[in-house]
Amino acid sequence: MQFLATYWFWLGAGLLLLTLEALLPGVFLIWLGLAALATGAVALFIPMGVVSSLVLFAVLGLASILIGRRVQSGQKTEVTDAPFLNDRGGAMIGKVYALESAIVGGAGSVRIGDSVWRVAGTDGAAGTLVKITGIDGSTLLVEAA
């Protein structure tokens with residue numbers, strides 16, 4: 001059990017955790033790996049026992065995780081030139097299209113490009129212009145334009 005207090009154990013554990021971070025998804029082991037490396041660096045210069053090295057690792061691990069969470073939460077999302085790339089329905093909101101089939105009982109359809117979309121709104125005849133006001137699942141919500 002005394003091997004837990006040696007600097008080479010903590011340096012090896014830190015390198016192992018950093019390697020696992022590179023192989024596994026997520027960003028969590030990097031903070032524990034850095035704490036283990038820091039514990040190893042301290043153990044290199046200050047001899048300590050098993051309990052004190054474990055306590056030091058726990059404190060450094062908690063501190064690095066808290067710092068890591070703060071760093072990650074401060075990251076801004078990247079602004080893109082295609083904000084609706086994965087949200088086709090959202091890209092259609094505010095646009096006007098002609099009804100392909102009449103809205104009867106609150107349901108009809110519009111042709112957008114080469115696709116026919118289901119719409120929901122007030123009843124209207126085929127060919128009537130409607131404005132898309134929202135989306136509910138795969139159904140476009142419309143009102144008379």
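Is Glu100 buried, partly exposed or exposed, and at what relative accessibility? Glu100 counts as partly exposed, because its relative accessibility is 39%, and buried residues must lie under 20% whereas exposed ones must lie over 50%. The structure described here is a predicted model.

## The salt bridge

Glu100 takes part in a salt bridge with Arg111, in which the side chains meet at 3.2 Å, N to O. The pair links distant parts of the chain: Glu100 belongs to strand 1 (residues 96–104) and Arg111 to strand 2, 11 residues apart. Side chains of opposite charge can pair when their charged atoms come close. The count for the structure comes to 1 salt bridge. Arg111, like its partner, falls in the partly exposed class, with 40% relative accessibility.

Beyond strand 2 (107–112) comes a loop that leads to strand 3 (115–120), and Gly113 is found in this loop. Gly113 is exposed, because its relative accessible area is 68% and the exposed class begins over 50%. Gly113 and Val79 are 34 residues apart along the chain, and their C-alpha atoms are separated by 27 Å.

## Helices 2 and 3

Helix 2 comprises 17 residues, numbered 29–45. At 1.5 Å a residue this helix should span 24 Å, and the 25 Å between its end C-alpha atoms agrees with that expectation. Helix 3 has 24 residues and reaches 34 Å from its first C-alpha to its last, close to the expected 34 Å.

Which residues of helix 2 are buried? They are Leu29, Trp31, Leu32, Gly33, Ala35, Ala36, Thr39, Gly40 and Ala43. The cover over these buried residues includes helix 1 (7–23) and helix 3 (50–73). In helix 3, the buried residues are Val50, Ser53, Gly61, Ser64, Ile65 and Gly68. Their cover includes helix 1 and helix 2.

Individual residues illustrate these relations. Leu29, in helix 2, touches Leu17, Leu20, Glu21 and Leu24, when residues up to four places away in sequence are not counted. Leu11, in helix 1, touches Ala36, Leu37, Gly40 and Ala41 under the same exclusion of residues up to four places away. Of these contacts of Leu11, Ala36 and Gly40 are among the buried residues of helix 2. Leu11 itself is partly exposed, with a relative accessible area of 29%.

Gly61 serves as a point of reference for both leucines. The C-alpha atoms of Leu29 and Gly61 are separated by 9.9 Å, with their positions 32 residues apart along the chain. Leu11 and Gly61 are 50 residues apart in sequence and 14 Å apart in space, C-alpha to C-alpha.

## Aromatic residues and the nonpolar patch

A search of the whole structure finds 2 aromatic pairs. One of them joins Phe9 and Trp10 in an edge-to-face arrangement, 5.2 Å centre to centre and with 80° between the planes. Ring pairs link Phe9, Trp10 and Phe57 into a cluster. What is the accessibility class of Trp10? Trp10 is buried, because its relative accessible area of 4% lies under the 20% cut-off. Phe9, at 23% relative accessibility, counts as partly exposed.

On the surface, Tyr7, Trp8, Val42, Leu44, Phe45 and Ile46 form a nonpolar patch with about 650 Å² of accessible area together. Helix 1 and helix 2 each supply at least two residues of the patch, and the largest share, 3 residues, comes from helix 2. Tyr7 lies in helix 1 and is partly exposed, with a relative accessible area of 37%.

## Accessibility of selected residues

The table collects the values for individual residues.

| Residue | Relative accessible area | Class |
|---|---|---|
| Tyr7 | 37% | partly exposed |
| Phe9 | 23% | partly exposed |
| Trp10 | 4% | buried |
| Leu11 | 29% | partly exposed |
| Glu100 | 39% | partly exposed |
| Arg111 | 40% | partly exposed |
| Gly113 | 68% | exposed |

Terms used. Residues numbered from 1 in each chain as written. Predicted model: local features only at pLDDT ≥ 70, side-chain atom pairs only at ≥ 80, totals over all residues. Heavy atoms only, no water. Helix = DSSP H or I, 4+ residues; strand = E, 2+ residues; numbered from the N terminus. Expected span 1.5 Å × (residues − 1). Buried < 20%, exposed > 50% of the residue type's maximum accessible area, 1.4 Å probe, protein only. Contact = heavy atoms within 4.5 Å. Patch = residues over 30% accessible without salt bridge, like charges linked within 9 Å, V, L, I, M, F, W, Y side chains within 5 Å. Areas by Shrake-Rupley, 256 points an atom, 1.4 Å probe, with all protein chains shown as cover. Salt bridge = Lys/Arg side-chain N within 4 Å of Asp/Glu carboxyl O. Phe/Tyr/Trp six-rings, centres within 6.5 Å; stacked < 30°, edge-to-face > 60°.
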